[in-house]
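Biologist: I have a structure to look through and would love some company. Could you walk me through it, one question at a time?

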Amino acid sequence: MASVTPMPASEAPDVPYLSAIYRVGAFALSVLAVIAVSAAAWFLELNLASASLIQLLVIVVLSRQVGIWPASVASVTAVGCLNYLFITPMFTFTVADPHNWVALVVFESCALFVSRLSTKAHTQAMIAEKERRDTQRLYEVSQLMLLINRESAPGAQIVNLIARIFEPQAVILFDSQLARIDPMGDVSTEMEEEVRSTYFRDRDSYDAVSTKWYRVLRLGSLPMGTLAVRSPELTAPVVNALASLVAVALERARAFEAESRALAGRDVEKLRAAVLDALAHEVKTPLTAIITATGGLLEDATLSALQRDLLSLIDEQAGQLKSLTTRLLKTAKMDSTEVKLQRHVLCLKEITSDMVAMVGDRVSEHQIIFDVRDPEACTNADRDLLSLALSQLVDNAANYSMPRSTITVGGSATDGEVQVYVRNTGSAIPQDSRQRIFDRFYRLPGSEHRASGSGIGLSVAKKIVDAHHGRIWVADDSDATVFWVGLPRVPRSEI
């Protein structure tokens with residue numbers, strides 16, 4: 001007949017009625033085992049010393065298999081059996097010789113002490129083995145999370161890994177960025193609602209009755225989701241470590257997604273820049289021929305006034321188109337290679353006059369006012385490129401300000417910076433668009449109906465200012481819009 005080895009008391013089933021039955025059975029088995037061994041020793045005619053040693057061995061085995069309390073009851077039963085069968089007068093519970101009292105007390109003390117040590121050692125061994133197994137599982141999860149497929153949603157894959165390795169009754173992952181829940185196992189509606197509630201409360205919890213763990217996923221101090229696991233075998237350190245691994249895996253998946261979007265956007269930007277570069281080169285040749293032809297025709301004295309006006313209009317618009325293609329070519333060149341600066345010492349009075357002169361007739365409808373407070377303040381810059389960048393600000397002000405309004409070009413200096421500004425009246429730039437307006441091809445919503453443009457000028461200006469290790473920004477001043485450029489100042493001793 002196959003023998004049945006009972007579980008230690010620490011591994012008893014957690015169901016109440018099964019646990020009670022198990023405990024009663026453990027006590028009964030311990031008492032019966034001691035009685036059976038005592039009877040066998042009596043039939044074999046062993047002496048008190050031999051029977052005591054055999055009983056001590058049985059009690060140690062019982063303490064390891066069924067726990068300290070059943071083994072303690074067995075030790076008391078063993079004392080009674082030894083007294084009844086091996087100490088004179090036999091078949092009674094009377095002890096006539098004081099030496100036998102000493103022997104029984106020593107036996108009971110040794111039985112309790114040894115069984116206690118055995119149970120403690122066994123419990124510690126079980127805990128160590130469980131911790132080793134949990135550590136191995138966590139390591140396996142961490143390794144497999146590195147192999148998550150980037151093309152699919154990470155939540156379902158993470159939940160599947162946890163279910164496969166830890167075998168919980170239920171597991172749920174809530175991703176706050178996607179507002180998505182990925183469940184697996186015996187998941188109830190109540191558990192799904194608690195997962196969301198845990199995230200919004202930003203507080204971990206544990207239900208001891210149903211053995212449900214709820215952990216807020218954090219990377220740093222910001223919550224990013226919730227992990228819920230139902231399992232009576234898991235401990236708080238394991239669940240906390242598992243939540244940390246899941247948070248890292250989610251953040252890693254988000255980083256990969258952001259990187260993919262950035263790479264795709266960069267490829268699109270490169271393609272668009274290449275197309276514009278090729279288009280600008282193709283357009284520049286016929287434009288040169290048109291400008292040359294109109295210039296020659298305007299020298300003809302036989303033209304009528306209408307013909308001369310039309311040719312002047314063609315020549316003017318062709319010139320603007322040529323300027324636009326020049327900007328496109330310079331932008332493409334700056335994107336394809338590092339900007340190389342031909343630096344010279346430039347003072348504010350030169351910078352402001354150059355920027356207005358470069359715009360020329362395009363701002364003839366507006367009155368330009370200079371407000372240079374420190375004209376001798378200087379910076380070290382590339383004159384041509386800086387004039388191109390700052391003229392974009394004047395051109396932008398002329399396009400988006402009220403007709404025949406005033407444009408103010410000013411400059412000032414601080415201890416470490418030379419600042420130039422262009423101020424024009426017009427509608428304010430929304431706060432959320434003040435950084436995006438320096439992106440290439442970006443235009444404010446509705447601006448296409450107010451002024452023509454390509455959305456290139458401000459991006460070129462920012463590229464040039466960045467190459468000078470400066471900064472460019474926009475601010476509101478009452479009913480006006482002000483663009484600022486700050487450049488490193490050259491000390492007067494170096495001028």
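**Surface, helix and cores**

Modeller: Happy to start with F43, which sits in helix α1, residues 16-43; helices (H or I, at least four residues) and strands (E, at least two) are DSSP runs, numbered from the N terminus. This is a predicted model in which local features need pLDDT of at least 70 and side-chain atom pairs count only at pLDDT 80 or more, while totals for chains, interfaces and linings use all residues. Residues are numbered from 1 along each chain as its sequence is written, and side-chain values use heavy atoms, with hydrogens and water left out.

Biologist: Is F43 buried or exposed?

Modeller: Buried means under 20% relative accessible area, exposed over 50%, and partly exposed in between (1.4 Å probe, protein chains only). F43 has 63% relative accessibility, so it counts as exposed.

Biologist: Is M145 buried or exposed?

Modeller: M145 belongs to helix α4, residues 98-145. Its relative accessibility is 5%, so M145 counts as buried.

Biologist: Which residues does M145 touch, not counting residues up to four places away in sequence?

Modeller: Contact means heavy atoms within 4.5 Å. With residues up to four places away in sequence not counted, M145 touches I158, L161, L245, V246, A249 and R252.

Biologist: How far apart are the C-alpha atoms of M145 and L250?

Modeller: Along the chain, M145 and L250 are 105 residues apart. Their C-alpha atoms are separated by 9.5 Å.

Biologist: What about D134, is that one buried or exposed?

Modeller: D134 also lies in helix α4. Leaving out residues up to four places away in sequence, D134 touches F166 and V238. Its relative accessible area is 6%, so D134 is buried.

Biologist: Which element supplies the largest share of the largest nonpolar core?

Modeller: A nonpolar core is a set of buried Ala, Val, Leu, Ile, Met, Phe, Trp, Tyr and Cys residues joined through side-chain atoms within 4.5 Å. The largest one has 38 residues, and M355, L393 and F483 have the most contacts inside it. Elements that each supply at least two residues of this core include α9 (348-359), β9 (406-413) and β12 (480-488). The largest share, nine residues, comes from α10.

Biologist: And how is Q435 placed, buried or exposed?

Modeller: Q435 is in the loop between β10 and α11. The C-alpha atoms of Q435 and W473 are separated by 7.8 Å, and the two residues are 38 residues apart along the chain. At 58% relative accessibility, Q435 counts as exposed.
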